[in-house]
Amino acid sequence: MSVGKTVLELEDVNKTFGAVNALSGIRLSVLAGEVVALVGDNGAGKSTLVKIAAGVIPPDGGKIHFDGEVVDFRGPMDATKAGIAVIYQDLALCDNLSVTANLFLGREIQNSAVSPLNEEAMESKVLELLSELNVGQIKEIDIKVGSLSGGQRQTIAIARSLIGQPKVVLLDEPTAALGVAQKVEVLKLIRRLADRGIGVVVISHNISEVLEVSDRVVVLRLGKVVANFETKNITSDDVVAAITGSKSFS
Ligand SMILES: Nc1ncnc2c1ncn2[C@@H]1O[C@H](COP(=O)(O)OP(=O)(O)O)[C@@H](O)[C@H]1O
Ligand SMILES: [Mg+2]
């Protein structure tokens with residue numbers, strides 16, 4: 001799918017923690033159907049930016065535009081309802097529950113207020129989602145998530161984020177804990193999210209992976225955006241130079 005209109009835009013967003021300027025004057029836009037890689041050294045402000053976009057912490061200043069409107073998220077539920085999904089590094093899956101139960105945790109489909117959960121509807125939705133995502137590896141949806149591999153668990157976390165039909169998906173280091181083959185699968189999955197028209201923001205430390213999966217690379221350094229590259233125009237040297245500040249790109 002081709003890249004569409006702006007879905008998420010941060011305008012002059014600031015955040016301080018005591019004396020630390022975690023983010024200053026952040027401008028970032030994410031278009032429907034694109035993958036934006038967010039990179040930067042430890043402490044650059046990546047996770048803070050994601051938390052602000054996800055309504056987890058409020059910015060000290062600046063505006064957030066979502067789907068054409070200025071939004072003021074008072075908490076993560078507001079961002080979720082608006083259509084922003086976040087997948088954190090720890091995934092927050094319940095190992096002792098099935099794939100289906102994990103996908104619907106907290107938003108189970110009920111036949112009515114008093115009747116039991118509609119297992120059939122949930123299972124068919126899970127199968128539909130996994131097949132849409134082209135996830136061949138997960139065959140059994142009634143097995144416990146604890147018995148799945150790291151890549152499969154990441155897939156479940158991503159699939160779960162899609163149940164609310166988000167317009168933006170933010171992933172904080174989705175491949176950090178994965179083996180090589182699993183990384184490849186998760187990168188493909190990230191690309192398929194964008195192909196569905198979702199605006200994707202992915203934090204990663206792995207520069208070759210960033211170049212492989214993204215359309216754009218936004219580099220944070222000491223809380224500021226120091227580069228905004230089109231991936232097709234750059235090499236890993238450019239990304240490293242922007243991260244370390246050895247060269248200026250703005
Ligand atoms: N809750 C917090 N309290 C105090 N300082 C924080 C908090 N969260 C982040 N910081 C500081 O803000 C800066 C940016 O952190 P973070 O967004 O986690 O960076 P990154 O994800 O790029 O490693 C760092 O200096 C970090 O120590
Ligand atoms: Mg972080």
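This report walks through a predicted model, from its overall build to a ligand shell, a strand and a few unusual backbone angles.

## Overall build

Let's start with the big picture. The protein has 8 helices and 10 strands. Its radius of gyration is 18 Å, close to the 18 Å that the globule rule gives for 250 residues, so the protein is as compact as a globular protein of that length. If you lay the C-alpha trace along its principal axes, the spans come out at about 60 × 40 × 35 Å.

How much of the protein is buried? Buried residues account for 41% of the 250 residues. As for contacts, take those with a separation of 6 or more: 68% of them join residues 24 or more positions apart.

## Around ligand 1

Next up is the ligand. The residues surrounding ligand 1 are F17, V20, A22, G40, N42, G43, A44, G45, K46, S47 and T48. Sorted by character, this shell holds 4 nonpolar, 6 polar and 1 charged residue.

Which elements supply at least two residues of the shell? Both β2 (20-31) and α1 (46-53) do. The biggest giver is α1, which puts 3 residues into the shell around ligand 1.

## Strand β4 and its partners

Now for a look at β4, which covers residues 61-66. On one side of the story is β1 (residues 6-17), which pairs with β4 in the antiparallel sense over 5 bridges. One of the matched pairs here is L8 with F66, the latter sitting in β4.

β4 also pairs with β5 (residues 69-71), again in the antiparallel sense, this time over 3 bridges. In that pairing, H65 faces V70 of β5. The two strands β4 and β5 make a hairpin with 2 residues between them, and D67 in the turn has a positive phi of about 55 degrees.

## A closer look at G62

G62 is a handy residue to zoom in on, and it belongs to β4. Is G62 buried, exposed or partly exposed? It counts as partly exposed because 17 other C-beta atoms lie within 10 Å, while being buried would take 20 or more.

What does G62 touch, apart from its neighbours within four places in sequence? The contacts are L10, E11, D12, V13, N14 and I26. Of these, N14 shows how the chain comes back on itself in space: N14 and G62 are 48 residues apart along the chain, yet their C-alpha atoms are separated by 6.3 Å.

## Positive phi in the loops

Some background first: most residues other than glycine have a negative phi. Two loop residues are worth checking with that in mind. Q165 is not a glycine, but its phi is positive, at about 50 degrees. You'll find Q165 in the loop between α5 (150-162) and β7 (168-172). Q165 counts as exposed because it has 10 C-beta neighbours inside 10 Å, and the limit for exposed is 12 or fewer.

The other one is L222, also a residue other than glycine, with a positive phi near 50 degrees. L222 lies in the loop between β9 (216-221) and β10 (224-230). Where Q165 is exposed, L222 counts as partly exposed because it has 16 C-beta neighbours inside 10 Å.

Key. Residues are numbered from 1 along each chain as its sequence is written. Chains are lettered from A and ligands numbered from 1 in the order in which they are written. This is a predicted model: local features need pLDDT of at least 70, side-chain atom pairs count only at pLDDT 80 or more; totals for chains, interfaces and linings use all residues. A residue is near a molecule or strand if its C-beta atom, placed from the backbone, lies within 6 Å of it. Helices (H or I, at least four residues) and strands (E, at least two) are DSSP runs, numbered from the N terminus. Ala, Val, Leu, Ile, Met, Phe, Trp, Tyr, Cys and Pro count as nonpolar, Asp, Glu, Lys and Arg as charged, and the others, Gly among them, as polar. The radius of gyration is taken over C-alpha atoms; the globule rule is 2.2 Å times the number of residues to the power 0.38. Two residues are in contact if their C-beta atoms, placed from the backbone, lie within 7 Å. Two strands pair if DSSP finds at least two bridges between them.
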